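This report introduces a protein model to a reader who has not met it before. The sequence and structure come first, and the description follows.

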Amino acid sequence: MRLRSVELEVPDRDSAVRFLRDTWGLLDAGERNGTAYLRGTEDLSYVVSVAQASASAVAAVTFSCSKPEVLKIRKRAAAAGAQLGPMRDFDEPGGGSGFSLEGPEGHVFRFVAEKKRTKKLRPESDRPMQVTHVVLNARDREACTRFAVDVLGFRLSDRTGFMNFVRCDRVHHAIAYAQSDNSLLNHIAFEMADIDAVMRGIGRLKDAGFETFWGPGRHGPGNNVFAYFVAPFGAAVEYTSEVQRVGSSYKAGTPADWKWPPNRNDHWGISARKHPAGTDFRFRPLVT
Ligand SMILES: [Fe+2]
């Protein structure tokens with residue numbers, strides 16, 4: 001199973017698409033039924049969908065699965081009493097079938113076994129490859145983490161004083177839960193080819209009038225290079241690279257393992273965080 005895409009709803013679809021394509025660097029992956037699809041250079045049909053709606057929302061965080069994986073998660077979720085959507089076919093790039101479910105705080109996850117494989121594109125020195133993680137605010141991150149592990153089949157990678165990181169493949173985290181007083185989207189991270197690509201991305205955003213609100217820096221858990229921005233449509237977005245790949249022998253860290261010296265909150269310490277965590281993107285309740 002692999003993190004694939006984030007399904008967004010915004011009041012001004014066209015301007016969000018313009019930013020994600022012309023400034024952020026994603027590529028057009030077509031349009032269907034009023035929803036615009038954007039992709040990176042990896043072998044995924046798309047990584048962000050943008051639909052027009054009256055308010056900003058996340059409709060789902062989508063995972064690419066095999067058919068048996070979809071069925072296994074559905075069975076465990078039903079046994080756990082989770083809110084489940086019906087099994088259905090999807091009219092979107094990649095097609096396929098699957099279902100959505102709601103986590104304990106209304107975070108919606110969708111599991112899709114695609115019909116069509118997508119070819120990888122030639123990597124480019126400043127273009128996002130894929131979405132590599134999504135961070136979600138949580139009132140009870142331990143309960144959300146238990147759901148991700150016991151029901152979705154994720155593994156716990158690390159816990160810090162305010163975040164839990166879980167993975168569904170070798171990438172250190174696909175989802176992280178940030179302790180909060182709400183359950184909103186925190187940010188979406190796009191993987192770049194290397195540090196140079198992250199820096200080129202920062203330069204391109206600077207040319208377009210966007211400063212980082214945190215970064216460049218290098219995180220503790222995941223050891224990834226990061227640069228965070230607020231997109232004009234309100235979502236916090238991250239360029240990242242060198243995300244740690246881990247195997248089954250990886251020992252999950254605890255808050256005691258992830259302590260920074262005073263006045264530090266990353267490995268480099270060259271950039272202070274200037275923006276509160278989170279966005280105004282809530283999850284749209286699942287239609288069952
Ligand atoms: Fe991140």
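Helices (H or I, at least four residues) and strands (E, at least two) are DSSP runs, numbered from the N terminus. The expected span of a helix is 1.5 Å times one less than its number of residues. The structure is a predicted model, in which local features need pLDDT of at least 70 and side-chain atom pairs count only at pLDDT 80 or more, while totals for chains, interfaces and linings use all residues. Residues are numbered from 1 along each chain as its sequence is written, and side-chain values use heavy atoms, with hydrogens and water left out.

## Two helices

Helix H2 comprises the 13 residues 67-79; at 1.5 Å a residue it should span 18 Å, and the 19 Å between its end C-alpha atoms agrees with this. A residue is called buried under 20% relative accessible area, exposed over 50%, and partly exposed in between (1.4 Å probe, protein chains only). In H2 the buried residues are Val70, Ile73 and Ala77. Seen down the axis of H2, these residues fall within an arc of 70°, so they line one face of the helix; the arc is that of the directions from the helix axis to the C-beta atoms. On the other side of H2, the exposed residues are Lys67, Pro68, Lys72, Lys75 and Ala79. The cover over the buried residues of H2 includes strand S6 (83-84), S8 and S9, where contact means heavy atoms within 4.5 Å. Just after H2, glycine 81 has a positive phi of about 80°.

Helix H4 (residues 195-207) also has 13 residues and an expected span of 18 Å at 1.5 Å a residue; its end C-alpha atoms lie 19 Å apart, which agrees. Its buried residues are Ala197, Val198, Gly201, Ile202 and Leu205. They cover an arc of only 145° around the axis, and are therefore on the same side of H4. Lys206 and Asp207 are exposed on the other side of H4. Among the elements that cover the buried residues of H4 are helix H1 (13-23), strand S15 (214-218), strand S16 (225-230) and strand S17 (236-241). Glycine 209, just after H4, takes a positive phi of about 95°.

## The iron site

Which residues coordinate the iron ion? His133 (NE2), His187 (NE2) and Glu238 (OE) do, at 2.0 to 2.2 Å. Donors are N, O and S atoms within 2.8 Å of the metal (3.2 Å for Na, K and Ca); water is not among the atoms, so sites may look incomplete. Along the chain, the donors of the iron ion follow the spacing H-x53-H-x50-E. Distant parts of the chain are linked here: histidine 133 lies in strand S10 (residues 130-138) and glutamate 238 in strand S17, 105 residues apart. Histidine 133 and glutamate 238 are both buried.

## Backbone features

A cis peptide bond, with omega of about 5°, joins glycine 215 and proline 216. Proline 216 belongs to strand S15. Two residues that are not glycines have a positive phi; they are set out below.

| Residue | Phi | Place | Relative accessibility |
|---|---|---|---|
| Asparagine 223 | about 55° | loop between S15 and S16 | 32%, partly exposed |
| Glutamate 242 | about 60° | loop between S17 and strand S18 (282-283) | 39%, partly exposed |

## Two buried residues

Valine 10 is in strand S1 and is buried, with a relative accessible area of 1%. Valine 10 and alanine 51 are 41 residues apart in sequence, and their C-alpha atoms are 6.4 Å apart in space. Not counting residues up to four places away in sequence, valine 10 touches several residues, including Ala16, Val50, Phe233 and Phe281.

Glutamate 42 is in the loop between S3 and S4. With a relative accessible area of 12%, glutamate 42 is buried. Residues up to four places away in sequence aside, glutamate 42 touches Arg2, Lys119, Lys120, Met129 and Gln130. Serine 15 is 27 residues from glutamate 42 along the chain, and their C-alpha atoms are separated by 24 Å.
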